[in-house]
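Thank you all for coming; I would like to take a few minutes to walk through one model, residue by residue. Please have the viewer open, since I will be pointing at individual side chains as we go.

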Amino acid sequence: MDFSKLGGLIPAVVQDATSNEVLMVGFMNQEALDRTRATGYVTFFSRTRNALWTKGETSGNRLQVDEMLIDCDEDTILVKVTRLGDGNVCHTGERTCFFRALE
């Protein structure tokens, strides 16, 4: 993966492996990608906290990795997942972070 374009980060698009619904977008550094691959659960790098965080570690709404695909430039990753817990991914309680239309 090419982590050089965004200061050591790559966008990680998370998609439901069954419905193909886009759930969220986060960022990964090399360590987050390595941890995701090692554990089988999506881990991001939080730009605001400057730390790794595994999705669902407090809520229980974890994202189990089914497949990881990289784009042609090797600077973005698509993570297809199975939702665990209640299935809500967004911190607002919505099933996906993409629930509002742009007016």
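What follows is a short tour of the core, a few polar and aromatic contacts, and the cysteines.

Before anything else, please keep in mind that this is a predicted model, and that the distances I quote are computed from its coordinates.

Let me begin with the interior. The largest nonpolar core has 18 residues, and those with the most contacts inside it are Met-28, Val-42, Phe-44 and Leu-63. As for where this core draws its residues from, two or more are given by each of strand 1 (10–16), strand 2, helix 1, strand 5 (63–70) and strand 6 (77–83). If you click on Leu-63 and set aside its neighbours within four places in sequence, you will find it in contact with a list of residues that includes Val-14, Leu-23, Met-24, Val-42, Val-81 and Val-89.

Staying with strand 6, I would like you to look at Val-79, which lies in that strand and is buried, with a relative accessible area of 0%. Val-79 and Gln-15 are 64 residues apart in sequence, and yet their C-alpha atoms are 6.1 Å apart in space. Beyond four places in sequence, Val-79 touches Gln-15 along with Val-13, Val-14, Met-28, Val-42, Val-65, Glu-67 and Met-68.

Now to two polar residues that are themselves buried. Asn-29 sits in the loop between strand 2 (22–28) and helix 1 (30–39), and with a relative accessible area of 14% it counts as buried. A polar atom of the Asn-29 side chain lies 2.8 Å from the backbone nitrogen of Ala-32, while the residues that Asn-29 touches, not counting those up to four places away in sequence, are Phe-3, Gly-8, Leu-9, Phe-45 and Leu-52.

The other one is Thr-43, in strand 3 (residues 43–46), which is buried at a relative accessible area of 0%. What does the side chain of Thr-43 make a polar contact with? The partner is the side chain of Thr-54, at 2.9 Å. Among the residues touched by Thr-43, again leaving out those up to four places away in sequence, are Met-28, Ala-32, Arg-35 and Trp-53.

That brings us to the rings. The count comes to 1 aromatic pair, and it is formed by Phe-44 and Trp-53, in a tilted arrangement with 5.1 Å centre to centre and 35° between the planes. Phe-44, which I mentioned earlier for its contacts in the core, is buried at 1% relative accessibility. Elsewhere, the charged end of Arg-62 sits over the ring of Tyr-41, 3.7 Å from its centre.

Finally, the cysteines, where some care is needed. How many disulfides does the model have? The count comes to 0. Why is Cys-90 not bonded to its closest cysteine, Cys-97? The two sulfurs are 3.9 Å apart, which is too far for a bond, given that a disulfide needs the sulfur atoms within 2.5 Å. Cys-97 is accordingly in no disulfide, the nearest cysteine sulfur being that of Cys-90. As to their surroundings, Cys-90 counts as buried at 9% relative accessibility, whereas Cys-97 is partly exposed, with a relative accessible area of 30%.

That is the end of the tour, and I am happy to take questions.

Definitions and conventions:
Residues numbered from 1 in each chain as written. Predicted model: local features only at pLDDT ≥ 70, side-chain atom pairs only at ≥ 80, totals over all residues. Heavy atoms only, no water. Buried < 20%, exposed > 50% of the residue type's maximum accessible area, 1.4 Å probe, protein only. Helix = DSSP H or I, 4+ residues; strand = E, 2+ residues; numbered from the N terminus. Polar contact = N/O pair within 3.5 Å; in protein donor to acceptor, adjacent residues only side chain to side chain. Contact = heavy atoms within 4.5 Å. Phe/Tyr/Trp six-rings, centres within 6.5 Å; stacked < 30°, edge-to-face > 60°. Lys NZ or Arg CZ within 6 Å of the ring centre and 35° of its normal. Core = buried A, V, L, I, M, F, W, Y, C linked by side-chain atoms within 4.5 Å.
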